[in-house]
Amino acid sequence: MIHVVAVITAKPGQRAAVLEAFQANVPAVLAEQGCIEYQATVDAKGLPPSKGSVGDDTFVVVEKWESLAALQAHGAAPHMQAYGAKVKDLLASRVIHVLEPV
């Protein structure tokens, strides 16, 4: 199994627009062969900001894939290319961590 933690930072004030495009793409991703989990997360409400907080412009995508091949196919999928084109001008940064269990 492959785990992905993607830290997506939007340009100031653009997180809602990026999340809207992300959520619109979720059904297509969940339908991909090998996708186990794919969801956006933000800082939990009710906690004070801390060193580990991601902040108002960032969200973290938590993904699980059956295999590296499934993840690679995901990255090349037409709906992911379309999503990337739609949000590219709204993003400040994107850091993708690809991990495996030990």
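These legends go with close-up views of a predicted model.

**View 1. The largest nonpolar core, with its best-connected members.** This core has 23 residues, and Val18, Phe22, Tyr38, Phe59, Val61, Trp65 and Tyr83 touch the most other members. At least two core residues come from each of β1 (2-10), α1 (15-30), β2 (35-41), β3 (58-65), α2 (68-76) and α3 (78-87). Helix α1 chips in six, the largest share.

**View 2. Phe22 and its surroundings.** With just 1% relative accessibility, Phe22 counts as buried. Leaving out residues up to four places away in sequence, Phe22 touches Tyr38, Gln39, Ala40, Phe59, Val61 and Tyr83.

**View 3. Aromatic rings around Phe22.** The whole structure has three aromatic pairs. In one of them, Phe22 meets Phe59 edge-to-face, at 5.8 Å centre to centre and 65 degrees between the planes. Phe22 sits in helix α1 and Phe59 in strand β3, so this pair ties together parts 37 residues apart in sequence. Phe59 is buried too, at 0% relative accessibility. Phe22 also pairs edge-to-face with Tyr83, with 6.3 Å between centres and 75 degrees between planes. Since Tyr83 belongs to helix α3, that pair ties helix α1 to a part 61 residues away in sequence. Tyr83 is buried, with a relative accessible area of 13%. Together, Phe22, Tyr38, Phe59 and Tyr83 make one aromatic cluster.

**View 4. The salt bridge between Lys64 and Glu37.** The structure holds one salt bridge. Here Lys64 partners Glu37, and their closest N and O atoms are 3.8 Å apart. Lys64 is in strand β3 and Glu37 in strand β2, 27 residues apart, so to speak distant parts of the chain. Lys64 is partly exposed, at 27% relative accessible area.

How values were computed. Residues are numbered from 1 along each chain as its sequence is written. This is a predicted model: local features need pLDDT of at least 70, side-chain atom pairs count only at pLDDT 80 or more; totals for chains, interfaces and linings use all residues. Side-chain values use heavy atoms; hydrogens and water are left out. A nonpolar core is a set of buried Ala, Val, Leu, Ile, Met, Phe, Trp, Tyr and Cys residues joined through side-chain atoms within 4.5 Å. Buried means under 20% relative accessible area, exposed over 50%, partly exposed in between (1.4 Å probe, protein chains only). Helices (H or I, at least four residues) and strands (E, at least two) are DSSP runs, numbered from the N terminus. Contact means heavy atoms within 4.5 Å. A salt bridge is a side-chain nitrogen of Lys or Arg within 4 Å of a carboxyl oxygen of Asp or Glu. Rings of Phe, Tyr and Trp (its six-membered ring) pair if their centres lie within 6.5 Å; planes under 30 degrees apart count as stacked, over 60 as edge-to-face and the rest as tilted.
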